[in-house]
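Hi,

Here is the structure I said I would pass on. Have a look at it first, and my notes on what turned up follow underneath.

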Amino acid sequence: MAGIMLGGVAPAGQDVSVMVDGLRNDRGLVRACLTTNATMFPNCKDDPQAHKLEVRAATGQVLLDFGRVPPGTYAFALIHDENSNGRIDTALLVPREGFGFSRDAKVRFGPPRFSAAAFPVGAEPVRQTVRVRYMF
């Protein structure tokens with residue numbers, strides 16, 4: 001995709017998009033948050049610099065398009081908020097709704113660290129595919 005020229009200079013940053021795969025139904029929303037702030041990951045709702053998205057869920061796949069973001073090191077987290085209540089529901093601290101992380105970072109006794117999910121945004125557009133995981 002060609003960049004938009006502003007005063008003869010292309011804007012900094014690149015497009016970041018994510019194909020979310022493995023949604024078990026079309027109920028609710030897929031909510032995602034993209035951040036450069038390791039201390040705000042994975043729940044970056046209080047990060048004023050975070051890029052947040054929500055799209056209607058669809059059985060199988062949905063596309064998250066964060067648009068153009070400034071260069072840097074990012075990580076994202078997403079949930080399949082099946083009942084659209086704005087949070088991930090849990091039972092005995094185990095998620096009852098789907099979740100996923102950039103680079104398909106693995107979950108071991110809690111969410112991955114920022115470093116496990118981090119990826120660079122620089123000169124090329126970023127395209128990732130993430131498989132949603134369900135514990136129940």
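Before the core, one term: by a nonpolar core I mean a set of buried Ala, Val, Leu, Ile, Met, Phe, Trp, Tyr and Cys residues joined through side-chain atoms within 4.5 Å. Please also keep in mind that this is a predicted model.

**The cores**

With that definition, the largest nonpolar core comes out at 20 residues, and Phe-66 and Leu-78 have the most contacts inside it. Six elements give it two or more residues each: strand 1 (14-23), strand 2 (29-35), strand 4 (60-69), strand 5 (72-81), strand 9 (119-121) and strand 10 (126-131). There is another core lying apart from this one, with nine residues, including Ala-75, Ala-77, Phe-114 and Ala-118.

If you want one residue to click on, try Leu-78. What does Leu-78 touch, leaving out residues up to four places away in sequence? The list is Val-20, Val-30, Arg-31, Ala-32, Leu-64, Gly-98, Phe-99, Gly-100, Val-130 and Val-132.

**Strand 5 and its partners**

Strand 5 is largely enclosed by the rest of the structure, because eight of its 10 residues are buried. Its pairings are worth going through one by one:

- With strand 2, strand 5 pairs in the antiparallel sense over seven bridges, and Leu-29 sits opposite Asp-81 of strand 5.
- With strand 8 (residues 98-101), strand 5 is again antiparallel, over four bridges; here Ile-79 faces Phe-99 of strand 8 as its opposite number.
- With strand 9, strand 5 runs antiparallel and shares three bridges, with Phe-119 of strand 9 as the bridge partner of Tyr-74.

**Salt bridges**

The count comes to six salt bridges. Glu-82 is a good place to start. Its side chain meets that of Arg-24 at 2.9 Å, N to O. That pair links distant parts of the chain, since Glu-82 is in the loop between strand 5 and strand 6 (90-91) and Arg-24 is in the loop between strand 1 and strand 2, 58 residues apart.

Which of these two is buried and which is partly exposed? Glu-82 has 12% relative accessibility, and buried means under 20%, so Glu-82 counts as buried. Arg-24, with a relative accessible area of 37%, is partly exposed.

Glu-82 also forms a salt bridge with Arg-27, where the closest N and O atoms are 3.5 Å apart. Arg-27 lies in the loop between strand 1 and strand 2 and Glu-82 in the loop between strand 5 and strand 6, so this pair ties together parts 55 residues apart in sequence. Put together, Arg-24, Arg-27 and Glu-82 are linked in a network of salt bridges.

Then there is Asp-81, which forms a salt bridge with Arg-31, the closest N and O atoms being 2.7 Å apart. This one connects strand 5, where Asp-81 is, to strand 2, where Arg-31 is, and the two residues are 50 apart in the chain. At 0% relative accessibility, Asp-81 counts as buried.

**The three-stranded sheet**

Finally, three strands form an open sheet in the order 4-1-10, with mixed pairing. Strand 4 and strand 10 are the edge strands, each pairing on one side only. On average, neighbouring strands in this sheet are turned by 15 degrees against each other, direction ignored. Strand 1 and strand 4 pair in the antiparallel sense over nine bridges, and Asp-21 stands opposite Gln-61 of strand 4.

Cheers

How values were computed: Residues numbered from 1 in each chain as written. Predicted model: local features only at pLDDT ≥ 70, side-chain atom pairs only at ≥ 80, totals over all residues. Heavy atoms only, no water. Buried < 20%, exposed > 50% of the residue type's maximum accessible area, 1.4 Å probe, protein only. Contact = heavy atoms within 4.5 Å. Pairing = 2+ DSSP bridges. Salt bridge = Lys/Arg side-chain N within 4 Å of Asp/Glu carboxyl O. Axes fitted to C-alpha atoms, helices over the stretch in contact; angles between N-to-C directions.
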